[in-house]
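Grab your viewer and work through the exercises below. Each one has a task, then a solution in steps.

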Amino acid sequence: MNNTDKLYERRKKSVPNALGIFNPSSIQSAKGAIIIDADGRELIDFAGGIGVNNVGHGVPEIIEAIQKQAEKFIHASFNVSVYEQYLDLTEKLCELLPHGEATKAMLTLSGAESVENAIKIARAVTGKSGVICYDGSFHGRTMMAMTLTSNVKYKEGAGPYAPEVYRLEYPYYKPSMKNRMTQDEFDDLMIMKLHKTFSSTVSISQTAAIILELVQGEGGFTVASKKYVQYLRKFCTENNIVLIFDEVQSGFGRTGKWAAYEHYEVTPDLSTWAKSMGGGMPIGAVIGKQEIMDAIKPGLIGGTYLGGPLSCVASLASINYMQKNDINAAGKKVGEIVHNKFKYLQSLYPETITDVRGLGAMLAIEFTNPKTGVPDGVATKAIVDRCLANGLIVITSGTYGNCIRILSPLFIEDDVLQRGLEILEQTIKEIIS
């Protein structure tokens, strides 16, 4: 039994079985896009800690910032003693991601907590309770976030769920639809379904918020239609509905821009953030228009550990590093290379690789069983496992687990990226040929 297997044996004895295993790898150290596992094996990291390590592992500036802050103080609670590390970060976020004429931000511990607070703020500001979300969405595992999350495997048996949540079809124009309707016809259909929801399911006068991932993470990297999103912005403004974009996985260069919403030429009322915002440390944020953020009563938002100083300095160091090295250019470059490889693989196996989708470097390939036409989660898992044996860490996504998504560090070296893609290509050929 090797060291990785021993760790998983230990895991079984003290960790609940329900805590999922997305990839059966291990780690003892890491640098850039390379992980060294418990057995000393070198692995290429295409998972990035589930989208957390956009800047890569072991960035000296982030490590130094954490070390220096730890020598000063580790915790005080911002609600008790104000500290500049929190303010340095919120000022940077408001400067980097403005929401209208004036912007404010609150810090959280995670993406789920950001979502919980965004919904709370929207309900408090509008005085309404209804929330609209979408099929395929993933917003977290806490009560409201879990309710908003679409896939039942993340919440089965944990009900009753939060009330007044309603779900719409996600506005992704699939390649298979081209034989039946144009993109414009599809967009018009989705807009019609939006209006139908407010005549047959929930009243506009009861609806506080609409929350949307512009690129769905766990849902399989589906991308929302631009026309629909632009219409949604207009609709929410006209009907006093708070528009929330969940940028937890899509932010900080992953799509080739700081925010996925920049591709759509619209600005949300509120947005939720986490993952690569922290450079590896646990932190998130709700960013929003000042008039909305200031309209809620004191005490409604907050928490003991929110915006902890170690996480704040790590986040600020990570963002500064992203700016210095142009994370968005890196996202575009990685995205172009990965997209070209995926389209090449699709040309080899068009009946098996049935979709290549995403935005920037937030890309996925979809696998379908060519004999049955159904999503092929079995082959996808086999590819993940074989990739690990071949020295590459990848993870799946999609409702049926039949997509492989790429969340590698964006500052990955060219030769490491190419080597990882070669491993993935060879593994796919081994499994599906």
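## Warm-up: a proline in a loop

P160 sits in the loop between α6 (143–148) and β6; helices (H or I, at least four residues) and strands (E, at least two) are DSSP runs, numbered from the N terminus. This is a predicted model, where local features need pLDDT of at least 70 and side-chain atom pairs count only at pLDDT 80 or more, while totals for chains, interfaces and linings use all residues. Residues are numbered from 1 along each chain as its sequence is written, and side-chain values use heavy atoms, with hydrogens and water left out.

**Exercise 1.** Find out whether the peptide bond from G159 to P160 is cis or trans.

*Solution.* Start with the background: most peptide bonds are trans. Now read omega for G159 to P160: the angle is near 5°, so to speak a cis bond.

## Backbone oddities

**Exercise 2.** Describe the backbone and the burial of S77 and N240.

*Solution.*
- Step 1: most residues other than glycine have a negative phi.
- Step 2: S77 has a positive phi near 80°, and its place is the loop between α3 (60–72) and α4 (84–96).
- Step 3: S77 has a relative accessible area of 9%, so it is buried (under 20% relative accessible area; exposed is over 50%, partly exposed in between, with a 1.4 Å probe and protein chains only).
- Step 4: N240 isn't a glycine either, and its phi is positive at about 55°. It belongs to the loop between α8 and β8.
- Step 5: N240 comes out at 48%, so it is partly exposed.

## Helix α8

**Exercise 3.** Check the length of α8 against its expected span, then look at its cap and its packing.

*Solution.*
- Step 1: the expected span of a helix is 1.5 Å times one less than its number of residues. For the 13 residues of α8 (residues 226–238) that gives 18 Å, and the end C-alpha atoms are 19 Å apart, which agrees.
- Step 2: at the N-terminal end, S225 acts as the cap, with a side-chain oxygen 3.4 Å from the backbone nitrogen of K227.
- Step 3: the buried residues of α8 are Y228, V229, L232, R233, F235 and C236.
- Step 4: those residues pack against several elements, including β5 (130–134), α7 (183–200) and β10 (284–289).

## Salt bridges

**Exercise 4.** How many salt bridges does the whole structure hold, and what do E169 with K193 and D269 with K289 tie together?

*Solution.*
- Step 1: a salt bridge is a side-chain nitrogen of Lys or Arg within 4 Å of a carboxyl oxygen of Asp or Glu. The search finds 20.
- Step 2: E169 and K193 pair up at 2.6 Å, N to O. E169 is in the loop between β6 and α7 and K193 is in helix α7, so the pair ties together parts 24 residues apart in sequence.
- Step 3: D269 pairs with K289, the closest N and O atoms being 3.1 Å apart. Here the loop between β8 and β9 (270–273) is tied to strand β10, so the linked parts are 20 residues apart in sequence.
- Step 4: check burial. D269 is buried at 7%, and K289 is buried at 19%.
- Step 5: D184, D188 and K227 also form a network of salt bridges.

**Exercise 5.** Is D37, the partner of R41, buried or exposed?

*Solution.* The R41 and D37 side chains meet at 4.0 Å, N to O. D37 has 4% relative accessibility, so it counts as buried, whereas R41 is partly exposed at 32%.

Methods
Contact means heavy atoms within 4.5 Å. A polar contact is a pair of N or O atoms within 3.5 Å; within protein, one must be able to donate a hydrogen and the other to accept it, and residues adjacent in sequence count only if both atoms are side-chain atoms.
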